[in-house]
Amino acid sequence: MKPSHPGVLVGIFVAVSLLTWAVLQPLYVSIPTVPWTAIPTVLVLAVGEAYTGWMTRARIQRKPDTKPVEPLAVARLVALAKASAYGGAIFAGVFAGFALYTADLLDQGTPRRDFFITGGSFVACVLLVCAALYLEHCCKVPKDPGAGSPR
């Protein structure tokens, strides 16, 4: 499995942002307001993945007071990281498209609320993508298998 490429994630983000912005042009007035619950939910996922990456890295490097990690568990974590990175890029694009559309309507109450909620959700999604890339990086096997072992 190859590592996620940030350029592909940025491309997905830009494409989804533009698509969302274009779809909102005729539909914004007929859709419900954006819920604020995405912000804490995605932030919890980002913190969880970053912490998991930190702990997995310590276990792969066989730091003191850690148990060795099972290879299958690392493979599952990499799959989680890749899915989170791509999902985070897609949802960051959706929220950025919303924020771009509502940025012109800040003098109205509902669009202003939607702008701040989608802006916060966008930031949370970017943090999730960063945490996912970090987790993916932490799951790499050291080049020298004996390099991480205490002597």
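**Helix packing and a nonpolar pocket**

Tutor: Start with α1: α3 and α4 are among what covers its buried residues. Keep in mind that this is a predicted model.

Student: Which residues of α1 are buried?

Tutor: Leu9, Val16, Ser17, Thr20 and Leu24 are the buried ones in α1.

Student: What makes you put them on the same side of α1?

Tutor: Their arc around the axis is only 110°, which is why they go on the same side of α1. In general, an α-helix has 3.6 residues a turn, so residues three or four places apart point the same way.

Student: And which residues are exposed on the other side of α1?

Tutor: Leu18, Leu19 and Pro26 are exposed there.

Student: How do you know what span to expect for α1?

Tutor: The rule is 1.5 Å times one less than the number of residues. With 22 residues, α1 is expected to span 32 Å, and the distance from its first C-alpha to its last comes out at 31 Å, close to that expectation.

Student: On to the second largest pocket. What makes its lining nonpolar, polar or charged?

Tutor: Check the residue types: Ala, Val, Leu, Ile, Met, Phe, Trp, Tyr, Cys and Pro count as nonpolar. The lining is made up of Pro6, Leu9, Val10, Phe13, Ala89, Ala92, Phe122, Val126, Val129, Cys130 and Leu133. The split is therefore 11 nonpolar, no polar and no charged. The space in this pocket is about 160 Å³.

Student: Which helices supply at least two residues each to that lining?

Tutor: α1 (6-27), α3 (71-102) and α4 (109-138) do. α4 gives the largest share, with 5 residues.

Student: Alanine 92 is in that lining. Why is alanine 92 called buried?

Tutor: Buried means under 20% relative accessible area. Alanine 92 has 3%, so it counts as buried. Alanine 92 sits in helix α3.

Student: What does alanine 92 touch, beyond its neighbours within four places in sequence?

Tutor: Phe13, Phe122 and Cys125. As for leucine 127, it is 35 residues from alanine 92 in sequence, and their C-alpha atoms are 9.8 Å apart.

Student: Same exercise for serine 121: why does it count as buried?

Tutor: Its relative accessibility is 0%, and the cut-off is under 20%, so serine 121 is buried. Serine 121 is part of helix α4, and its contacts outside the four-place window are Ala38, Ile39 and Phe95.

Student: Leucine 77 has a value of 17%. Is leucine 77 buried or exposed?

Tutor: At 17%, leucine 77 is still under 20%, so buried is the right word. Leucine 77 belongs to helix α3. Leaving out neighbours within four places, leucine 77 contacts Thr52, Thr56, Leu135 and Cys139. Glycine 53 is 24 residues away from leucine 77 in sequence, with 8.6 Å between the C-alpha atoms.

Student: Why is valine 123 only called partly exposed?

Tutor: Exposed needs over 50% and buried needs under 20%. Valine 123 has 45%, which falls in between, so it is partly exposed. Valine 123 is another residue in helix α4. Between valine 123 and glycine 48, 75 residues apart along the chain, the C-alpha separation is 16 Å.

Student: Where does arginine 62 lie, and what stands out about its phi?

Tutor: Arginine 62 is in the loop between α2 (38-60) and α3. Its phi is positive, about 55°, although arginine 62 is not a glycine. Its accessibility is 45%, between the 20% and 50% cut-offs, so call it partly exposed.

Student: Aspartate 65 is in the loop between α2 and α3 as well. What makes aspartate 65 exposed?

Tutor: Its relative accessible area is 85%, and over 50% counts as exposed, so the label follows. Aspartate 65 also has a positive phi, about 65°, although it is not a glycine.

Student: Last one: glutamate 70. Buried or exposed?

Tutor: The value is 57%, which is over 50%, so glutamate 70 counts as exposed. Glutamate 70 is in the loop between α2 and α3. From glutamate 70 to isoleucine 60 there are 10 residues in sequence and 9.2 Å in space, C-alpha to C-alpha.

Definitions and conventions
Residues are numbered from 1 along each chain as its sequence is written. This is a predicted model: local features need pLDDT of at least 70, side-chain atom pairs count only at pLDDT 80 or more; totals for chains, interfaces and linings use all residues. Side-chain values use heavy atoms; hydrogens and water are left out. On a 1 Å grid over the protein atoms alone, a cavity is a set of points where a 1.4 Å probe fits but cannot get out, and a pocket is an open set with protein on both sides within 12 Å along at least five of seven lines; lining residues have an atom within 4 Å of a point. Grid points are joined across faces, edges and corners, and a volume is the space filled by probe spheres set on the points. Helices (H or I, at least four residues) and strands (E, at least two) are DSSP runs, numbered from the N terminus. Buried means under 20% relative accessible area, exposed over 50%, partly exposed in between (1.4 Å probe, protein chains only). Contact means heavy atoms within 4.5 Å. The arc is that of the directions from the helix axis to the C-beta atoms.
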